[in-house]
Amino acid sequence: MVRNPEVFRKAQEELDQVIGSGRLPTFDDRGSLPYLECILKEVLRWNPPVPLGIPHRVMEDDSYRGYHIPKGTTLIVNIFAILHDCLEPEEFRPERYAQKTDLPDPREVVFGFGRRICPGRHFAESSVWCIMANVVATLDISRTPEDQERDTFPEFKFTSGFVRHPQPFACSIRPRSSKVTTLIQEAKTHIDL
Ligand code: HEM
C-alpha cells in the first residue's frame with residue numbers, strides 16, 4: 001500500500017461508502033466490498049507466500065498434457081510462475097480481477113493442490129481479509145516524510161526460502177482520526193470481556 005497509494009485510497013473510498021466511519025468492518029460486509037476482494041487476490045498473486053508449494057510424490061503413473069509422469073516422481077508446482085502468467089505480472093494491479101477474467105483465482109493456487117492442500121486455507125484467507133478491512137478502515141499508510149521529500153519509494157525485498165515474506169521497510173502508519181482510536185478501544189473492550 002506504501003508503493004501503491006492510489007490502490008489504498010480507492011480501498012478507503014469503497015470502505016467509507018459502504019460502512020461509513022461509525023463502526024469497524026465485519027465479515028457481514030465482505031460481499032459489499034468488491035475492490036477489497038480484488039486487492040486480496042492481487043496480494044496473493046503478486047507474491048505468493050509459498051512460491052513453490054510443498055513437493056508431492058506421484059503414487060502411480062500419470063500423464064499431463066502429453067507428458068508421461070512415472071510413479072515415484074517428485075513434483076514441484078511453480079505456484080509463483082502460474083500466478084505470474086498474466087499481463088504485466090510485476091505490476092500490482094487489483095483491477096485485473098475487477099472484470100470477468102480468465103486468470104485463475106489465486107486462492108485456488110496459493111494453498112497448494114490435491115489431498116495435501118493447506119488445511120488452514122479458510123482460516124488464513126478469512127484472517128487476511130479481516131486484517132485488511134480493519135487496516136483500511138482505521139489507518140493511513142504512506143511513505144515516510146523523508147521518502148516523500150525525496151520522492152522515493154522504499155525498495156521491496158522479500159526473504160528467500162520455502163515461505164517468503166517482505167523484509168522490514170520504513171513507512172508511516174497513523175490512525176485515520178481520533179474517532180477510529182475510540183472504535184478500536186471499544187472493540188478491544190469486547191475482546192477483553
Ligand atoms: C496465506 C497463508 C497460507 C498459505 C499461502 C499456505 C500455503 C500452504 C501450501 C502451499 C501448503 C502445501 C500444500 C500442498 O502440499 O500442495 C500448505 C500446507 C499446510 N498448511 Fe498452509 N498456508 C497458509 C496458512 C496456513 C495456516 C493459517 C495454517 C494453520 C492454521 C496452515 C497449515 C498448513 C498445514 C498443516 C499444511 C500441511 C498439510 C499436509 O501436508 O497435509 N497453513 N500451506
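The legends below describe close-up views of aromatic contacts, a charge over a ring and the ligand surroundings in a predicted model.

**View 1. Tryptophan 46 and phenylalanine 92 form an edge-to-face aromatic pair.** The structure holds five aromatic pairs, and in the one shown here the rings of tryptophan 46 and phenylalanine 92 lie 5.9 Å apart, centre to centre, with 85 degrees between their planes. Tryptophan 46 belongs to helix H2 (residues 34-46), whereas phenylalanine 92 lies in the loop between helix H3 (79-83) and helix H4 (121-138), so the pair ties together parts of the chain that are 46 residues apart in sequence. Tryptophan 46 is buried, its relative accessible area being 14%, and phenylalanine 92, at 12% relative accessibility, counts as buried too.

**View 2. Tryptophan 46 also forms an aromatic pair with phenylalanine 156, and this pair is tilted.** The two ring centres are 5.0 Å apart, and the planes make an angle of 50 degrees. This pair links distant parts of the chain, since tryptophan 46 is in helix H2 while phenylalanine 156 is in the loop between helix H5 (145-150) and strand E6 (172-175), 110 residues apart. Phenylalanine 156 is partly exposed, with a relative accessible area of 39%, whereas tryptophan 46, at 14%, is buried.

**View 3. Ring pairs join four aromatic residues into a cluster.** The members of this cluster are Trp46, Phe92, Phe156 and Phe158. Among the pairs involved are the edge-to-face contact between tryptophan 46 and phenylalanine 92 and the tilted contact between tryptophan 46 and phenylalanine 156.

**View 4. Arginine 143 places its charged end over the ring of phenylalanine 153.** The distance from that charged end to the centre of the phenylalanine 153 ring is 4.1 Å.

**View 5. Fourteen residues surround the ligand, and five of them come nearest.** These five are His56, Gly112, Phe113, Arg116 and Cys118. By residue class, the shell around the ligand divides into 10 nonpolar residues, three polar ones and one charged one.

**View 6. Histidine 56, phenylalanine 113 and arginine 116 each bring an atom close to a ligand oxygen.** In histidine 56, a polar side-chain atom lies 2.6 Å from an oxygen atom of the ligand, and in arginine 116 a polar side-chain atom lies 2.7 Å from an oxygen atom of the ligand. For phenylalanine 113, by contrast, the contact comes from the backbone, with an N or O atom 3.1 Å from an oxygen atom of the ligand.

Key. Residues are numbered from 1 along each chain as its sequence is written. This is a predicted model: local features need pLDDT of at least 70, side-chain atom pairs count only at pLDDT 80 or more; totals for chains, interfaces and linings use all residues. Side-chain values use heavy atoms; hydrogens and water are left out. Rings of Phe, Tyr and Trp (its six-membered ring) pair if their centres lie within 6.5 Å; planes under 30 degrees apart count as stacked, over 60 as edge-to-face and the rest as tilted. Helices (H or I, at least four residues) and strands (E, at least two) are DSSP runs, numbered from the N terminus. Buried means under 20% relative accessible area, exposed over 50%, partly exposed in between (1.4 Å probe, protein chains only). A charge sits over a ring if NZ of Lys or CZ of Arg is within 6 Å of the ring centre and within 35 degrees of the ring normal. A residue is near a molecule or strand if one of its heavy atoms lies within 4 Å of it. A polar contact is a pair of N or O atoms within 3.5 Å; within protein, one must be able to donate a hydrogen and the other to accept it, and residues adjacent in sequence count only if both atoms are side-chain atoms. Ala, Val, Leu, Ile, Met, Phe, Trp, Tyr, Cys and Pro count as nonpolar, Asp, Glu, Lys and Arg as charged, and the others, Gly among them, as polar.
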